[in-house]
Amino acid sequence: MSDPVTLHPPPAPSSAPVPTAFDRWAWVPIRSLAARHRPRIAAHLTALDEHDRYLRFGYPAADEQIARYVDALDFERDELFGIFNRRLELIAMAHLANSPAPGPDNPRAMAEFGVSVLALARGRGYGGRLFEHAVLHARNRGVQTLFIHALSENTAMLRIARKAGALVERDGPETEAWLKLPPDSLATRVGELMEQQAADFDYRLKVQARRVNDILEAISEVKANIGGKTPIASE
Ligand SMILES: CC(C)(COP(=O)(O)OP(=O)(O)OC[C@H]1O[C@@H](n2cnc3c(N)ncnc32)[C@H](O)[C@@H]1OP(=O)(O)O)[C@@H](O)C(=O)NCCC(=O)NCCS
């Protein structure tokens, strides 16, 4: 995966890394997000421009509305996943909202999928990977139907849904997509476990790399300060 993608300062569009064929095939670490990730989730969502917020939420959510959405996230009931860059910024994330369906034996029969990828990280397959990950996760939790609500103009999102075999129903400017999920299997359970462990390992490596980087930066700052001081002999 091409890195780093940074949230700030926003680079000029021309500096966006061009996705390569390798990007689309490379393994992408997807981590489960927890309550402690709220600030990173908020930073990710507020980095979306007005049009992207409109596509993601169905309205051009203001920063305060995003803050309320992030505060209200229920990490017990729902599943949130993300892709981090080397700076540990969240460059892509998905929200799988579990909705209880009627019937005591079917408490989690349906889930709604929402996703966003930062503009600079698009076209590398992250949106599609997050969807596949959500499907795996949902199957392992007994979800039978995945639901996506998208604006009809949202070609990329609808392409992801269609490719997965979802039933897509357009109603003017809005479109709903329904994907029936097969039950879980040994392969889906092992697959999720391995993905989770590899992604956790990748995240720990990034944390270590960032610490080493911070130390190196501090050392070079100290060196620069020492080098900038007037030598004692000339005082
Ligand atoms: C929708 C979104 C998540 C897609 O993310 P992404 O990482 O760029 O998507 P991918 O790279 O996995 O591409 C998915 C498919 O859409 C296609 N695609 C991507 N961008 C496209 C575009 N602008 N126009 C047409 N097709 C596009 C890709 O070619 C790919 O199809 P393929 O697998 O057949 O090649 C991203 O555009 C986004 O965050 N948009 C704003 C928020 C949003 O719309 N959320 C969805 C509503 S919940």
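So, contacts along the chain: if you take the ones with a separation of 6 or more, 64% of them join residues 24 or more positions apart. Keep in mind that what we have here is a predicted model.

Okay, what are the pieces? The chain has seven helices and seven strands. Starting at the N terminus, the order goes α-β-α-α-α-β-β-β-α-β-α-β-β-α.

Now the inside. What share of the 235 residues is buried? It's 26% for this chain. The largest nonpolar core has 40 residues, and the members that touch the most others are A92, F113, L130 and A134. Which elements give two or more residues to this core? On the helix side you've got α2 (38-46), α5 (126-140) and α6 (155-163). On the strand side there's β2 (79-84), β3 (90-99), β4 (110-117), β5 (145-151) and β7 (174-180).

Let's zoom in on F113. Skip its neighbours within four places in sequence, and F113 is in contact with A94, L96, F131, A134, L146 and I148. You'll recognise A134 there: like F113, A134 is among the core residues touching the most other members.

One last spot, L88. Find L88 in the loop between β2 and β3. Its phi is near 65 degrees, so a positive value, and this residue isn't glycine. Why point that out? Because most residues other than glycine have a negative phi. And is L88 buried or exposed? Somewhere in between: there are 13 other C-beta atoms within 10 Å of L88, and a residue needs 20 or more to be buried and 12 or fewer to be exposed, so L88 comes out partly exposed.

Notes:
Residues are numbered from 1 along each chain as its sequence is written. This is a predicted model: local features need pLDDT of at least 70, side-chain atom pairs count only at pLDDT 80 or more; totals for chains, interfaces and linings use all residues. Helices (H or I, at least four residues) and strands (E, at least two) are DSSP runs, numbered from the N terminus. Two residues are in contact if their C-beta atoms, placed from the backbone, lie within 7 Å. A nonpolar core is a set of buried Ala, Val, Leu, Ile, Met, Phe, Trp, Tyr and Cys residues joined through C-beta atoms within 7 Å.
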